[in-house]
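Student: I am new to this structure. Please pick one part of it and take me through that part closely.

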Amino acid sequence: MQTSNLPKIANEIRLNIIEALHASGSGHPGGSLSTADILACLYYKEMNIDPSNPDWPARDRFVLSKGHAAPALYSVLSMKGYFSHEDLLTLRKMGGFLQGHPDMKHTPGVDMSTGSLGQGVSAATGMALSAKLFGDDFRVYTLLGDGEIQEGQVWEAAMFAGSHKLDNLVVFVDNNNLQIDGTLEEVNSPYPLDDKFRAFNFHVIVLEDGHDTAAICAALDEARTVKSKPTCIICKTIKGKGVSFMENQVGWHGKGMTEEQYLQAKEELEKAGEA
Amino acid sequence: MADVKKIATRVSLGEGLTALAAEHDDFIVMDADVAMATMTNTFRQKYPERFVDCGIAEANMMSMAAGIATTGRVPFVCSFAMFVVGRVFEQIRNSIGYPHLNVKICSTHGGISAGEDGATHQCNEDLTLMRTIPGMTVICPSDDIEARAALKAAYEHVGPVYLRFGRQPVAVINDTEDYSFTIGKGRVLREGTDVALIACGIMVQEALVCAEFLAEEGIQARVINMPTIKPLDESLVLKAAEDCKKVVTIEEHSVLGALGSAVCEVLSEKRPTPVKRIGMQDCYGESGPALGLLDKYGLSGKRIAETVKNWIR
């Protein structure tokens, strides 16, 4: 996969997110849109996966620790062929397999059930540990929300991953600086993020533009060269990225769109896709 | 029963895991800085490469175990009941229970027989908490033989299992030729039709002592060892109710939500029968020697016999 296509793929993920959330009538647009570029890089360049064999034991793993960004994960999974675009539009519907938060039991391509914040990063750490203990080559990727890292368990996991030198683990932080009740500083500041992860023995890469797919891919390449340390890639992102009226608006953490808002969001993203 | 051989089931945990490791190479043991107390240190000494000390960070330990299980390996996660269940209920519920992952949760120091450490370390709620999780199997073995057999059965069972082991040395009561352990099956240890005593864990030996006291009073008690709290051996409970007309449950645990409640649920729906629930009566424990505490809180064989005698009169 050429990295030059990744911005277009990220844009398509965003379009799918908006369509899925329009179909569901509820969900989390802001924090889903901010992750699209990271997911594009992981699923279209970085990870060794086989959508026709979702349970392939040697596959790389991805754990969406910020499980509320499920629409973003489902979008990329549908684009990769784990299930159909039609299925994507069943998001949050009763009896469907696309739960509000990822459910590994019923959704092909989901490597871990998540949604309760702080637990996914530990599960990813466990996967990475298992690979080390049993001599597997797969790598493990996880994506944390920046509000999520207020959970103490995240630092238990970070301490373990650093202490056990899990260099097969990459932790992304989607640093959009907004959580439900306000900015991170207004609520409970976790900053400085880079120094904290460094202090927990991580190799830390900070991306000032967390939507720059070339930079994300370069960071992932760098992570592969790091030995005896897990890598943390802090992506400074914009919550609601790609939809003008959602960008940096805390109110779009988790709410449904009106028909008019949906059409506008779709139009903006389609236009961006043509550029 | 003074000269009976006694072994704490936490010792069985350490030795049982070590024995299991000789047959299977796809499981690991995790602990949270209490390996010397849970006795998983026995395993660590023999298989250090398959032992992971997670440090004093139980939340991470539980969710890591979930992640390990997704890779096809079987983690046995061990600590005190208060911390490997009480502290991390939500991690177990969401990261292990909901995806039905193959994690084996092993606790020691459940109940007031944890002793001198006092109420903060005496978990009387673990069996209830684990029983409420859909798909969770809950086992509380009664002695060394059953503890080892339960560990093996837990390994062979695909899905999450909670096992509660004890700190207090307990009489070996299952050293009979016909003994076998099956998840979901209880066993009649003593026949009787005046009252049925259904017990789990270290309370099984106390139930046997209680039956001796009752026999002296002319009361013939049936004693049932019920190591699996979930799924419960309903037919054995119903048969006991049919034959004995009165049922007593005995557990070193809160009477709210565990063995006593499980028995009441079955009987109230299928065969209404008077039940007396013996256990911790919605209260905390305190510091003290294990045997002294069991007696004070009405959980020694003698005290149980008094309660039963007064109740059935």
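Tutor: What follows is a close look at chain B, from its domains to single residues and on to its partner chain.

Start with the ground rules. This is a predicted model, where local features need pLDDT of at least 70, side-chain atom pairs count only at pLDDT 80 or more, and totals for chains, interfaces and linings use all residues. Residues are numbered from 1 along each chain as its sequence is written, while chains are lettered from A and ligands numbered from 1 in the order in which they are written.

Chain B is assigned domain 1 (6-171) and domain 2 (187-312). Such bounds come from an automatic or database domain assignment. The C-alpha centres of these two domains of chain B are 25 Å apart.

Now look at where they meet. In chain B, 27 residues of domain 1 are in contact with 29 residues of domain 2. Contact here means that the C-beta atoms of two residues, placed from the backbone, lie within 7 Å. On the domain 1 side, helix H7 (126-131), strand S6 (137-139), helix H8 (144-156) and strand S8 (169-171) of chain B each give two or more residues. Helices (H or I, at least four residues) and strands (E, at least two) are DSSP runs, numbered from the N terminus. By class, this side of domain 1 of chain B has eleven nonpolar, eleven polar and five charged residues. Nonpolar covers Ala, Val, Leu, Ile, Met, Phe, Trp, Tyr, Cys and Pro; charged covers Asp, Glu, Lys and Arg; the others, Gly among them, are polar.

Next, pick out a residue of helix H8 of chain B: B:Glu156. Is B:Glu156 buried or exposed? B:Glu156 counts as exposed, because it has 10 C-beta neighbours inside 10 Å. The cut-offs: buried takes 20 or more other C-beta atoms within 10 Å of the residue's own, exposed 12 or fewer, and partly exposed falls in between, with C-beta atoms placed from the backbone. B:Ala290 sits 134 residues from B:Glu156 in sequence. In space, their C-alpha atoms are 33 Å apart.

Set B:Leu17 beside that. B:Leu17 belongs to helix H1 (residues 9-23) of chain B. B:Leu17 has 29 C-beta neighbours inside 10 Å, so it counts as buried. Which residues does B:Leu17 touch, leaving aside its neighbours within four places in sequence? They are B:Val29, B:Thr40, B:Phe43, B:Phe76 and B:Leu151. B:Met39 is 22 residues along the chain from B:Leu17, and 10 Å separates their C-alpha atoms.

Last, turn to the partner. Chain B puts 23 residues in contact with 23 residues of chain A. Two elements of chain B give two or more residues to this side: helix H4 (58-70) and helix H6 (89-97). H4(B) supplies the largest share, nine residues. The side of chain B that touches chain A has eleven nonpolar, ten polar and two charged residues. Contact counts are one way to describe such a meeting. The size of an interface is often given as the accessible area lost when the parts come together.

To recap, trace chain B in this order. Find domain 1 (6-171) and domain 2 (187-312). Then find exposed B:Glu156 and buried B:Leu17. Finish at H4(B), with its nine residues on the side that touches chain A.
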